[in-house]
Amino acid sequence: MNDLRHPVAVVGMQPEPKGATFDQHHDTDHHRARARRRRVMYGIIPGSTPALAIHRNFMTAPSTKKTVNTASATNRSDFPIIVIGTSAGGQSALSVLVAQLPADFPAAILIVQHMAATSSNEAMLRLLADKGNLPCKQAAQHGVIKSGYIYLAQPDHHLMISQGKTLATKGARENRARPAIDPLFRSAAVEFGNRVIGVILTGYLDDGTSGMEVIRRCGGICVVQDPADAAYPDMPQNVLNHVKVDHCVPLAEMGSLLTRLALSERGARIAVPADVAIEAKIAQRVLSDLESVDFLGTQVPFNCPGCGGVLWQMKVGEHLRFRCHTGHAYTVATLLAEQTAKMEETLWVALRMFEENKNLLVKMGTEGTASPSYAERVEQSDIHIRRIKAMLHSNTANTDPLP
């Protein structure tokens with residue numbers, strides 16, 4: 001069991017004072033009892049029901065609107081969690097934002113910035129530390145989260161939260177990215193509910209939109225950078241198009257807004273929707289099977305670009321998404337972009353093969369070993385080569401430069 005002296009991510013709840021009343025002790029005991037029931041449900045206590053049983057319980061539910069109460073003593077604290085997602089233009093935006101935060105900032109901040117798998121966090125960590133007043137560190141596996149600290153996702157690792165600590169995992173890519181924004185936002189919402197503040201900054205396409213919707217469904221606060229103020233407006237604009245956000249502000253006003261929100265009182269947390277809990281478990285590699293994705297959506301005749309498996313279609317509100325049973329997940333925009341990239345890759349392979357075939361035919365003709373029809377076959381190869389080159393030249397689809 002986690003040490004309750006290091007609580008995480010609750011706004012407006014103070015540590016129990018000395019000389020607490022009977023009612024206060026009774027409330028604490030009530031939360032601890034609920035915490036144990038949750039741990040049994042997730043198979044955390046040795047000998048209890050295994051984690052896989054959670055989705056079987058969901059499968060017997062009358063509808064996907066069933067919810068799971070995940071409140072526990074492990075996530076009671078006197079400071080909130082702020083989760084930030086950004087992509088293209090994020091380094092500059094983050095340096096401006098952290099410079100606005102005071103040294104006694106009353107929250108923990110976890111950041112996912114899209115980055116290449118071979119990149120390093122060193123320059124970003126130094127930049128954020130130099131520009132701001134808060135200590136910055138790379139998120140570690142099973143790392144303790146402290147108020148007033150900034151935690152940055154590792155390259156080529158998803159950053160998530162489980163049992164009040166950070167996880168750094170090599171799970172399947174989501175929205176073509178690892179680290180991806182949605183797994184962090186989803187896990188934070190499951191752990192801390194309405195104690196979470198989600199922030200989306202500049203970037204391409206729509207990673208983070210689904211995560212922000214989950215934060216909203218769990219009672220958290222949604223903040224986006226004004227698209228007119230963003231270097232790359234796609235990500236904040238897509239959130240505005242699909243999620244009812246609480247605040248849309250330019251970057252210059254975001255620091256003061258987050259400080260006010262971190263100090264604001266929050267009510268009792270609400271139950272976590274069953275589909276959200278299942279997706280959070282899939283991202284942590286606890287669940288990954290056909291029954292789980294069958295619960296989440298409907299199988300469709302599309303293949304996963306990441307592994308070639310079948311995709312399931314999920315729809316919450318107006319936001320359409322896809323997921324395969326091994327863990328890859330896509331929005332419509334990222335699935336289209338990934339399919340486009342795969343098509344281009346296939347065309348380049350075909351072009352190489354036709355050119356090799358043509359060169360071999362020409363060589364055979366020069367040496368006099370080809371049949372009389374070789375010239376016709378060379379001409380056919382030329383036709384295919386020209387067609388493929390025309391398709392490659394005409395490919396003007398939006399291909400987000402994610403790693």
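Select strand 9 (residues 196–200) and strand 10 in this predicted model. The two strands run parallel and are joined by four bridges. Show Val199 as sticks, then look across to Val223 in strand 10, which stands opposite Val199. Now add helix 6 (residues 209–217): strand 9, helix 6 and strand 10 make a right-handed β-α-β unit.

Stay on strand 10 (residues 221–225) and colour it by accessibility. Is strand 10 enclosed or open? Five of its five residues are buried, so strand 10 is largely enclosed by the rest of the structure. Turn on the side chains. In a regular strand the side chains alternate between the two faces of the sheet. Here Ile221, Val223 and Gln225 point one way, while Cys222 and Val224 point the other way, and all of them are buried.

Next, select strand 11 (residues 247–249). Strand 11 pairs with strand 10 in the parallel sense, over three bridges. Gln225 has Val249 of strand 11 as its bridge partner. With helix 7 (residues 234–242) added, strand 10, helix 7 and strand 11 make a right-handed β-α-β unit.

Zoom out to the whole sheet. In what order do its seven strands lie? The order is 4-6-3-2-9-10-11, in an open sheet with parallel pairing. Strand 4 (136–138) and strand 11 stand at the edges with a single partner strand each, so one side of each is left without a neighbour in the sheet. On average, neighbouring strands of this sheet are turned by 20° against each other, direction ignored.

Two helices packed on this sheet can be selected in turn. Helix 4 (residues 122–131) touches strand 3 (108–113), strand 4 and strand 6 (150–152), and its direction makes about 165° with that of strand 4. Helix 7 touches strand 2 (81–86), strand 9, strand 10 and strand 11; its direction makes about 140° with that of strand 10.

Now hide the cartoon and look at nonpolar side chains. The largest nonpolar core has 34 residues, and Val83 and Leu110 have the most contacts inside it. Which helix gives the most to this core? Helix 5 (residues 181–192) does, with seven residues. Centre the view on Val83. Leaving aside residues up to four places away in sequence, Val83 touches Leu110, Leu184, Phe185, Ala188, Val196, Ile197, Gly198, Val199 and Ile215. A second, separate core has 30 residues, including Ala93, Ile150, Leu201 and Met254.

Move to the three-stranded sheet. This open sheet has the order 5-8-7, with antiparallel pairing. Its edge strands are strand 5 (143–144) and strand 7 (158–162), each pairing on one side only. Select strand 5 together with strand 8 (residues 165–169): these two pair in the antiparallel sense over two bridges. Val144 has Lys165 in strand 8 as its bridge partner.

Finish at strand 15 (residues 319–324). Is strand 15 mostly covered or mostly exposed? Strand 15 is mostly covered, with five of its six residues buried. Add strand 16 (residues 329–331), which pairs with strand 15 in the antiparallel sense over three bridges. Arg323 stands opposite Ala329 in strand 16. The two strands form a hairpin with four residues between them. Among the turn residues, pick Gly327, which has a positive phi of about 120°.

Conventions. Residues are numbered from 1 along each chain as its sequence is written. This is a predicted model: local features need pLDDT of at least 70, side-chain atom pairs count only at pLDDT 80 or more; totals for chains, interfaces and linings use all residues. Side-chain values use heavy atoms; hydrogens and water are left out. Buried means under 20% relative accessible area, exposed over 50%, partly exposed in between (1.4 Å probe, protein chains only). Two strands pair if DSSP finds at least two bridges between them. A crossover is right-handed if, with the strands pointing away from the viewer, the path from the first strand over the helix to the second runs clockwise. A nonpolar core is a set of buried Ala, Val, Leu, Ile, Met, Phe, Trp, Tyr and Cys residues joined through side-chain atoms within 4.5 Å. Contact means heavy atoms within 4.5 Å. Axes are lines fitted to C-alpha atoms, for helices over the stretch in contact, and angles run from 0 to 180 degrees between N-to-C directions.
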